[in-house]
Amino acid sequence: MKIYLVGGAIRNSFLNLPVTDKDWVVVGSTPEILIKKKFKQVGKDFPVFLHPITHEEYCLARTERKSGYGYKDFNIDYSQHVTLKEDLMRRDLTINAIAQDKNGKYIDPFNGFKDLKNRVLKHISSSFQEDPLRVLRVARFAASLSHLGFYIDKNTMKFMQKIVLSKEILFLTKDRIWKETEKAMKTNNPHVYFKILQNCLAFPILFPELNKIINTNFLKFYSYSFLPLSLEENLYTSLAYIAKKNNSSHLRLAYMFLTTSYYFPLDLIKNNHCLNKSLYINLVKKFCIRLNLPTKIKKLILVIIKYNVFLLNIEEKSSSSIISFLNTIDAWRNPNQISQITFLIKIYLQFIYKNYNIKFIKIKKNYLQKIYSIVCSPPIKLILKKGYKGKEIKISINNWRINELAKWKKNKNIKN
């Protein structure tokens, strides 16, 4: 039995990137042998084992032969006779097919180190096109490594396009699509992920709602022929912008939809001219449902696109309408959402300044957060002492919040 370190740990070490996980491949062994050595078996499709002390993943060397459609239908052989080279050959890219033995010696049968030096993402063999998930994985690696100058080999891109044209990509589950997309959103350049998927023709299939959004004129404006960005370019540019400000995949995704809900916000901010906003919201809902997004991110996205005009004009809104908004989004039980919304609006307006040079839009620094801090802690004990019960308590708390906010706004205006 021989054990080798493989994949991402070697790649990242060579590139001086953080090594978060270590994966190991075991050659010349069986599940029974590893279980006797106290390894814990996990995994349904093929045996994966957790080390009894480090809990790192150890996989038996295996080969895969496609037997159907999608990325699951493979005949897998993980017998003792499978060699290290055979195991490495089944991997997606040459830079992920490098192994290291216990003595530190590297085994690189497909010139992965050469491609690391040349900054190229290259497939290993024609079997690359058997797994449609690799389209998303390569796009994610491109997003993750683009800041180091990596690009996709031309023939690899052709294979990716062949996978898309074969419609194999339709067999990917929504969970796998979201998992890869979420990882891509955490990279240094998440916009590269979507660009690559556009280039290999996968974008309209994987994200039909988003594709329709960037190809539909949802806004009513006259003739802005001087605008520097198309809606698609605006999406990429805005994603690149927030990637420099925050590393949360959820905030980045919410921001992406905020920027696509407005292409050019000049009229919207002042006059609330919006064409077919309900259609836009329905498309976003379908996107969230189809990819089965976590509830928290789904709620944040829908709040930010439903109330974008309100939030951009919040200083002009009445105290009662602001409290009504906070009640609607259940801010009292989810205070973190307030800081997220405040951040997104602030970054959005900074983005508008930078890309459209709109000087008269005032950036409302932490305005919503300030409002929340003023009204979030009503005097419950005092209200109960007055003998209010049931719905009266709720009404009294609501009135207190409106009055406190009105007083604060009045004092603020006097000082100004």
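How many bridges join strand 1 to strand 2, and do these strands run parallel or antiparallel? In this predicted model, 5 bridges join strand 1, made of residues 2-6, to strand 2, made of residues 23-27, and the two strands run antiparallel. One of the residues involved is V6, whose bridge partner in strand 2 is D23.

**The protein as a whole**

The protein has 21 helices and 11 strands, and buried residues make up 48% of its 416 residues. Among the contacts between residues at least 6 apart in sequence, 68% join residues that are at least 24 apart. The protein exposes about 21400 Å², and carbon and sulfur atoms supply 50% of that area.

**The sheet**

Strands 1 and 2 belong to an open sheet in which 7 strands follow the order 3-4-5-2-1-8-9, with mixed pairing. At the edges stand strand 3 (40-42) and strand 9 (106-107), each of which has a single partner strand, so one side of each is left without a neighbour in the sheet. As a general point, the strands of a sheet pair through backbone hydrogen bonds, either parallel or antiparallel. The table sets out three of the pairings in this sheet, with the number of bridges and the direction of each.

| Strand pair | Bridges | Direction |
|---|---|---|
| Strand 1 (residues 2-6) and strand 2 (residues 23-27) | 5 bridges | antiparallel |
| Strand 2 and strand 5 (residues 57-60) | 4 bridges | parallel |
| Strand 8 (residues 99-100) and strand 9 | 2 bridges | antiparallel |

Single residues can be followed across these pairings as well: W24 has Y58 of strand 5 as its bridge partner, while Q100 has Y106 of strand 9.

**A surface patch that includes a strand residue**

Strand 1 also contributes to the surface, since I3 lies in this strand and is partly exposed, with a relative accessible area of 30%. Together with M1 and I33, I3 forms a nonpolar patch on the surface, and the three residues have about 220 Å² of accessible area together.

**Helix 17**

Which residues of helix 17 are buried? In this helix, which covers residues 319-328, the buried residues are S319, I322, I323, F325 and L326. Seen down the axis of helix 17, these buried residues fall within an arc of 155 degrees, and they therefore line one face of the helix. Just after helix 17 comes D330, which takes a positive phi of about 55 degrees.

Definitions and conventions
Residues are numbered from 1 along each chain as its sequence is written. This is a predicted model: local features need pLDDT of at least 70, side-chain atom pairs count only at pLDDT 80 or more; totals for chains, interfaces and linings use all residues. Side-chain values use heavy atoms; hydrogens and water are left out. Two strands pair if DSSP finds at least two bridges between them. Buried means under 20% relative accessible area, exposed over 50%, partly exposed in between (1.4 Å probe, protein chains only). The arc is that of the directions from the helix axis to the C-beta atoms. Patches are made of residues with over 30% relative accessible area and no salt bridge: like charges are joined within 9 Å, nonpolar side chains (Val, Leu, Ile, Met, Phe, Trp, Tyr) within 5 Å. Accessible areas come from the Shrake-Rupley method with a 1.4 Å probe; for residues, only the protein chains shown count as cover. A salt bridge is a side-chain nitrogen of Lys or Arg within 4 Å of a carboxyl oxygen of Asp or Glu. Contact means heavy atoms within 4.5 Å.
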